[in-house]
Amino acid sequence: MENKKIEEVKNLIEQDKSTVTNLKNLNDLKVKYLGKKGIISELTSEIKNIPNEEKKNFGQKVNEIRNIFNDFYKKKKEEIETDILNEKLSSETIDISLPATKIRQGAPNILEKLIEEVEEVFMSMGYDVVDGPEVEEDKYNFEMLNIPKGHPARDAQDTFYIKGEEILLRSQTSPVQVRTMLKGKGEIPIRVICPGKTYRRDDDDATHSHQFMQIEGLLIDHDISLSDLKGTIDVIVKKLFGEKVETRFRPSYYQFTEPSVEVDISCFNCNGDGCHICKHTGWITIAGAGIVHPNVLKMSGYDPKNWSGFAFGFGAERMAMLKYDIEDCRIFYNTDLRESKFFDRKEAE
Ligand code: DAH
């Protein structure tokens, strides 16, 4: 009789097992079997009514059932909890295969890069990099550079006037020469370069711009000659365009230098054979230069009997256009990332 009951409960547990799908079912089942009035609990309380000789056997059977249920309960609980966790994990997964939003990175402006390169070479030769105002006085931009009012050389440097005839946008970086000499008070040697913006009343096209950049240089010391100038220019030219490139001076005329020269370099592209960059001449003009005119020294407080010097002026856009084979200078001033990136890549090659 008692054994039959045990068997029935066993079968009932087996049947109930398959109905469990969640934690609530499982706990309900626990109450059904092990709760105060649960089936197994009731069997346990019956033990005391069983005749002594069967007590042990019956007790063991009840324990067996309890263990069966407990084992099932423990296993099922773990199983359900694992399922819940897995479901949670998969519903909250971040799809790392999704491509991230691209961060567009800029590149240094090619003109800025060239100027920095030039600055570094000159600094390594002991030069300081100095600045001057873009809104300049006629006095510094022209007069103290030996270009008095009415001088025909002014025509080539027609610029924008800010106030009357005296305040203008500088048409060249050469006024920084005057400002630097005035600071030196005729007493100390000078070695400076001055890169900066300049302005002229020009119509913009592929090779002209109303605003462009120059890199001015000035050295004042004792017994300075054209060969000092040539040696210095040669260093920067070789650094920028390659060791094989040669420098040549052609006679020229500037009001603030005497003698004055045009600086040509042998074509770095064709080694002088002739190509589109050197316009089939084998040579490229990259700067104006010369020995500082005694009048300029005098006007700025340096005694020409005691001091001498050289000066030069590079066109920054022109140098960059040559170096990177650029045909239109307007690209330096538009902000198209594709262009700066292109030159950045070209540089890395
Ligand atoms: N300032 C001149 C120009 O804009 C360039 C130049 C020529 C600068 C000769 C110099 C120099 O310092 O010595 O055309």
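**The ligand site and its setting in the predicted model**

A polar side-chain atom of Glu216 sits 2.7 Å from an oxygen atom of the ligand. This distance, like the others reported here, comes from a predicted model. On the nitrogen side of the chemistry, Gln172 takes part: an N or O atom in its side chain is 2.7 Å from a nitrogen atom of the ligand. The backbone contributes as well, since a polar backbone atom of Ala311 lies 3.2 Å from an oxygen atom of the ligand. The ligand on its own would expose 350 Å², and the protein buries 92% of that area.

Widening the view from single contacts to the whole shell, 16 residues surround the ligand, and those that come nearest are Gln172, Gln177, Arg200, Gln214 and Glu216. Sorted by class, this shell holds nine polar, five nonpolar and two charged residues. Three strands each supply at least two residues of the shell: E6 (211-221), E9 (283-292) and E10 (308-315). For anyone starting from a pocket search, it is helpful that the space taken by the ligand is the largest pocket.

Turning to the fold as a whole, the protein has 11 helices and 10 strands. Its radius of gyration is 46 Å, whereas a compact globule of 349 residues would have a value near 20 Å. The extent of the C-alpha trace can also be given along the principal axes, where the protein spans about 140 × 45 × 40 Å.

Two points of backbone geometry deserve a look. Most residues other than glycine have a negative phi, and most peptide bonds are trans. Against that background, Lys185 has a positive phi of about 55 degrees, although this residue is not a glycine. Lys185 is found in the loop that runs between helix H7 (175-184) and strand E5 (190-199). The other point concerns the peptide bond from Glu258 to Pro259, which is cis, with omega near 0 degrees. Pro259 itself belongs to strand E8, which covers residues 257-266.

Terms used: Residues are numbered from 1 along each chain as its sequence is written. This is a predicted model: local features need pLDDT of at least 70, side-chain atom pairs count only at pLDDT 80 or more; totals for chains, interfaces and linings use all residues. Side-chain values use heavy atoms; hydrogens and water are left out. A residue is near a molecule or strand if one of its heavy atoms lies within 4 Å of it. A polar contact is a pair of N or O atoms within 3.5 Å; within protein, one must be able to donate a hydrogen and the other to accept it, and residues adjacent in sequence count only if both atoms are side-chain atoms. Accessible areas come from the Shrake-Rupley method with a 1.4 Å probe; for residues, only the protein chains shown count as cover. On a 1 Å grid over the protein atoms alone, a cavity is a set of points where a 1.4 Å probe fits but cannot get out, and a pocket is an open set with protein on both sides within 12 Å along at least five of seven lines; lining residues have an atom within 4 Å of a point. A molecule sits in a cavity or pocket if more than half of its atoms lie within 2 Å of its grid points. Helices (H or I, at least four residues) and strands (E, at least two) are DSSP runs, numbered from the N terminus. Ala, Val, Leu, Ile, Met, Phe, Trp, Tyr, Cys and Pro count as nonpolar, Asp, Glu, Lys and Arg as charged, and the others, Gly among them, as polar. The radius of gyration is taken over C-alpha atoms; the globule rule is 2.2 Å times the number of residues to the power 0.38.
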